[in-house]
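The following exercises concern helix packing and the nonpolar core of a predicted model. Please attempt each task before reading its solution.

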Amino acid sequence: MSTSELDAIDFLQPGPCHQDPFPYYEYLRAHGPVWREPHNGVFMITGHQEGIQVYHDSTTFSNCNAVAGPFGPWPVPLEGDDVSPIIAQYRDGLPFSDQLPTFDPPKHTAHRALLARLITPKRLKENEEFMWRLADQQIDEFVDRGECEFVHDYAGPFTLLVVADLLGVPESEHATFREELQGEHRRIGQTTASADSPMDHKPLGFLYDRFTRYIAERRREPRDDVMTRMATATFPDGSLPEVEDVMLIASNLFAAGGETTARLLSAMVRIMGERPELQKQLRDNRELLPNFAEETLRLETPLQSTFRLARIPTTIGGVEIPAGATLMLIPAAANRDPREFEDPAEFRLGRPNWRQHLAFGFGVHACAGAPLARAEARVSAERFLDRMADIRVSEKAHGPPGARRYEHPGTYMLRGVNRLQLEFTPVG
Ligand code: HEM
């Protein structure tokens, strides 16, 4: 792409650049690890160290615009030496203002602690046992055909039902959740962000109704189950949250943990399907799977970017940032920072710093579901390798090696194929 073509890209608008954003990230990087792009006046953070600095400083930077970015809406201009009073007065009008990722301390600290009570080590262990069972159930649905469309047949339902199980949704209701959240009318890709509408709120309506009911029921009639523990969990100060607070935390896990993980799984299986020698190496050395998942997260970062708002003037990477400025943190670009990762565009197992990527963010807002996502990746990869020999990307659907065609979501926020047609030889 020529420099003038890159100059013309308004990255926050839908466009073909989102199918392959990496040339644009390198264009940003050529202007420095922190650069104010001219179309929206947003400070783009592509540096690894600079990203960590921003993630780390939840005093200077607010998360109120984490989803909305520079698109407000703010009824008054963000002017002055400290925009904190404007944030406090108007943050409730921003998209997703009722969701944990947009909270700031101290509210964030209290709600995050509540979430930590839902994702305990014991719960994660039980949830992983369910994952092994679920992976086989999903695979049983298509394995004999010798082919599948991975996103719809496996990754979508698998990641959805793992969260449902984590929250104690009875298995008898799993089919309803699958239909409501991923039925024909709600294929993956339709609940995702775009510049016009950062996220479709509608599927959350079903979750809001269900979880309000579950929590209210368990508070009236406690049982010995996961939902009762969720319904009766308290804030660190001992107070009982409103039903709505718990409902929002539970519902948000579907939005935060479904599509992101589905896109990670798809990236992993796509890479296995495209690289038979790597697939063989993984088959024969299963202990490499965690490393494989992390390298995929680094190179194919499912949540490509997020936003922050500067409350006061500050400096990052030598660049002055005024109060009221929007920053776009781009972990997908930071994960290819050559100052941090040698030959950053190369897929390489066994990098010494393979855990240093920022795909799960960093600091107080770092992904609360990272252990879950990692377990889902390991369990899925193990069961695919066990039950399928010679996993291949379909040439008919995606073209031959060297000229593959994939469709990614047309947004700056998410990356990962919308469809992945696979062929394989069933084992056993
Ligand atoms: C590969 C899969 C996943 C990726 C790449 C991912 C990525 C991220 C990132 C980058 C953030 C921080 C956003 C920011 O700083 O603005 C985040 C936050 C979060 N993630 Fe994940 N996530 C994944 C899976 C999950 C899962 C499975 C769950 C739970 C079921 C989950 C729950 C959350 C929650 C609740 C937050 C908000 C945390 C907070 O604001 O304190 N995520 N995720």
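**Exercise 1.** Determine how helix α7 is oriented relative to helix α11, and which residues make the contact.

*Solution.* Step 1: α7 spans residues 150-166 and α11 spans residues 243-257; their axes come within 10 Å and cross at roughly 155°. Step 2: angles over 145 degrees count as roughly antiparallel, so α7 is roughly antiparallel to α11. Step 3: the crossing of α7 past α11 is right-handed. Step 4: α7 contributes Thr-159, Leu-160 and Val-163 to the contact, while α11 contributes Leu-253, Phe-254 and Gly-257. Step 5: by class, these contact residues comprise four nonpolar, two polar and no charged.

**Exercise 2.** Describe the packing of helix α12 on helix α16 and classify the residues in contact.

*Solution.* Step 1: the axes of α12 (residues 259-274) and α16 (residues 370-387) lie 10 Å apart, at an angle of about 35°. Step 2: α12 passes α16 in a right-handed crossing. Step 3: on the α12 side the contact involves Thr-261, Leu-264, Leu-265, Met-268 and Val-269; on the α16 side, Ala-373, Glu-376, Ala-377, Ser-380, Ala-381 and Phe-384. Step 4: the contact divides into eight nonpolar residues, two polar and one charged.

**Exercise 3.** Identify which members of the largest nonpolar core touch the most other members, and then place Val-269 among its contacts.

*Solution.* Step 1: the core holds 101 residues, of which Ile-45, Met-268, Val-269, Leu-327 and Ile-330 touch the most other members. Step 2: the element giving the most to this core is α7, with 11 residues. Step 3: beyond its neighbours within four places in sequence, Val-269 contacts Phe-150, Phe-384, Ile-391, Leu-420 and Leu-422.

Technical notes. Residues numbered from 1 in each chain as written. Predicted model: local features only at pLDDT ≥ 70, side-chain atom pairs only at ≥ 80, totals over all residues. Axes fitted to C-alpha atoms, helices over the stretch in contact; angles between N-to-C directions. Helix = DSSP H or I, 4+ residues; strand = E, 2+ residues; numbered from the N terminus. Parallel < 35°, antiparallel > 145°, perpendicular 65-115°, else oblique. Left-handed = near helix turned anticlockwise from the far one by under 90°. Contact = placed C-beta atoms within 7 Å. Nonpolar A, V, L, I, M, F, W, Y, C, P; charged D, E, K, R; others polar. Core = buried A, V, L, I, M, F, W, Y, C linked by C-beta atoms within 7 Å. Buried ≥ 20, exposed ≤ 12 C-beta atoms within 10 Å, placed from the backbone.
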